[in-house]
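User: Please take a close look at one part of this model and explain how its secondary-structure elements are put together. I would like a single connected account, going from individual residue pairs to the way the elements pack.

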Amino acid sequence: MTYQIRIAGTDLHFACEGNQNILDAALKAGIEMPYSCRKGVCGNCAGAVFAGEVECPPPGEVTPSGKHLFCQCHPKSDLEIEPEAWHRVDPNARKTFTVKVFRNTLAAEDVNVLQLRLPAGQRARFKAGQYLQVALSDGSRRSYSMANPPHESDMLQLHIRHVAGGQFTQIVPNLKAGDHLQVELPYGSFELKEEAQGPMLCVVGGTGFAPVKSLLDDMLKKGMKRRVTLVWGGRNRAGLYLMPAVEKWKKMLPGFNFIAALEDPADAASLGGFLGRVDDAVRANCPSLAGHEVYCCGSPGMVASVKKVCVEERGLDAHHFFSDVFVPGPAA
Ligand code: FES
């Protein structure tokens with residue numbers, strides 16, 4: 001059965017099948033709402049249901065504030081909803097490419113930096129911060145953020161952390177120049193709010209660095225001048241696997257400040273960084289985040305801890321906390 005879903009306060013509506021989740025139906029209709037994991041973990045897709053009946057399989061279907069996770073809910077009647085934000089996008093903008101590996105580097109003991117080349121004459125269109133899906137031979141998919149900025153549109157750079165037993169990450173170290181992969185992009189609503197002027201705090205763990213690298217390289221290309229603090233967390237110095245990029249931003253981005261948050265005391269000291277987790281680094285280095293935007297990428301637990309510090313302890317407007325949550329396993 002097909003239901004109509006209307007966005008409250010507008011005459012915008014879209015169709016959703018009874019067995020389809022609300023987020024998928026909206027995206028298919030070219031209405032972009034905030035989302036990241038599509039697995040009911042990150043909470044980014046939460047919104048209100050003002051009228052109608054929804055079915056939400058537990059767990060995590062309703063947030064503590066009584067909002068529904070649109071990536072998990074199905075309509076049981078026509079609905080009136082209010083997402084956190086929405087805007088129209090071209091539903092045909094997402095494309096599939098057969099790309100060729102041209103470089104594969106072991107950047108840390110558990111991270112490969114994979115560089116892919118698009119077919120001659122083709123260009124990838126995406127916004128800094130978005131991600132792609134890699135199609136695997138069994139039909140499943142894996143999600144990875146683009147680490148290159150959008151203007152480098154004839155290639156794609158992915159930072160792939162090895163996951164124990166991970167179906168794709170097991171084969172990544174063996175990929176060699178000339179191998180082919182099939183990818184589809186763009187996905188995701190994690191992107192720079194270009195109209196904002198205030199200072200930015202970027203907080204990333206491990207390969208959560210990838211989408212923020214794309215954001216900062218994009219800012220550099222566009223000559224944007226905002227104060228930026230980057231907190232990058234890892235076990236040790238080797239985990240900060242692309243420090244040349246950080247050194248470049250120190251030189252070329254006005255008002256750029258870097259904080260390494262490391263668990264290894266010797267490495268934290270040698271880098272003049274913070275000994276401990278990224279949320280504690282934020283607590284120690286950011287007395288107030290009023291007027292800031294925060295861009296945070298990493299595991300669900302890490303992102304939740306950072307959000308708590310920023311919003312509950314440092315005065316950040318919760319609407320100015322943007323996150324990309326990395327959940328291992330097949331893409332939803
Ligand atoms: S919880 Fe719905 S997108 Fe993450």
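Analyst: In this predicted model, Ala108 stands opposite Val111 of strand 11, and that pair is a convenient place to start. Strand 10, which covers residues 95–108, and strand 11, which covers residues 111–117, are joined by 7 bridges and run antiparallel to each other. Both strands belong to an open, antiparallel sheet of 6 strands whose order is 13-12-15-10-11-14. At its edges lie strand 13 (141–145) and strand 14 (155–161), each of which has a pairing partner on one side only. Averaged over the sheet and ignoring direction, neighbouring strands are turned by 40° against each other.

From here the path leads across a domain boundary. The domain assignment divides the protein chain into domain 1 (2–88), domain 2 (95–187) and domain 3 (200–325). The C-alpha centres of domain 2 and domain 3 are 23 Å apart, and their contact draws on 15 residues from domain 2 and 16 residues from domain 3. On the domain 2 side of that contact, strand 10 and strand 14 supply at least two residues each.

A single residue shows how parts of the chain that are distant in sequence meet. Lys221 lies in helix 2, and, apart from neighbours within four places in sequence, Lys221 is in contact with Pro149 and His151. Lys221 and His151 are separated by 70 residues in sequence, yet their C-alpha atoms are 8.3 Å apart in space. Lys221 has 13 C-beta neighbours inside 10 Å and therefore counts as partly exposed, a class that lies between exposed, at 12 or fewer, and buried, at 20 or more.

Helix 2 also leads to a second open sheet. This sheet, again of 6 strands, has the order 19-18-17-16-20-21, and its pairing is parallel; strand 19 and strand 21 (321–325) form its edges, each pairing on one side only. Within the sheet, strand 16 and strand 17 run parallel and are joined by 6 bridges, with Leu201 opposite Thr229 of strand 17. Helix 2 packs on the sheet by touching strand 16, strand 17, strand 20 (293–298) and strand 21, and the direction of helix 2 makes about 140° with that of strand 20.

Strand 20 deserves particular attention. Toward strand 16, strand 20 pairs in the parallel sense over 5 bridges, and here Leu201 stands opposite Val294. Toward strand 21, strand 20 again runs parallel, with 5 bridges joining the two, and Tyr295 stands opposite Phe322. Because 6 of the 6 residues of strand 20 are buried, strand 20 is largely enclosed by the rest of the structure. In a regular strand, side chains alternate between the two faces of the sheet. In strand 20, Glu293, Tyr295 and Cys297 point one way while Val294, Cys296 and Gly298 point the other way, and all of them are buried.

Val294 leads on to the nonpolar packing. Leaving out residues up to four places away in sequence, Val294 touches Leu201, Val203, Leu289, Cys310, Leu316, His320, Phe321 and Phe322. The largest nonpolar core comprises 71 residues, and Val203 and Val294 are the members with the most contacts inside it. Helix 2 gives the most to this core, contributing 6 residues. A second core, separate from this one, has 21 residues, among them Cys16, Leu23, Phe70 and Leu79.

Helix 5 gives another view of burial. Of this helix, which spans residues 278–285, the buried residues are Val278, Asp279, Ala281 and Val282. They lie on the same side of helix 5 because they cover an arc of only 160° around the axis. An α-helix has 3.6 residues a turn, so residues three or four places apart point the same way. The cover over the buried residues of helix 5 includes strand 16 (200–205), strand 17 (228–234), strand 18 (256–262), strand 19 (274–275) and helix 6 (300–313).

For comparison, the start of the chain holds an antiparallel pair, made by strand 1 (residues 2–7) and strand 2 (residues 13–17) over 5 bridges. Ile5 stands opposite Phe14 of strand 2, and the two strands form a hairpin with 5 residues between them, in whose turn Gly9 has a positive phi of about 80°.

How values were computed:
Residues numbered from 1 in each chain as written. Pairing = 2+ DSSP bridges. Helix = DSSP H or I, 4+ residues; strand = E, 2+ residues; numbered from the N terminus. Core = buried A, V, L, I, M, F, W, Y, C linked by C-beta atoms within 7 Å. Contact = placed C-beta atoms within 7 Å. Axes fitted to C-alpha atoms, helices over the stretch in contact; angles between N-to-C directions. Arc of directions from axis to C-beta. Domains from an automatic or database assignment.
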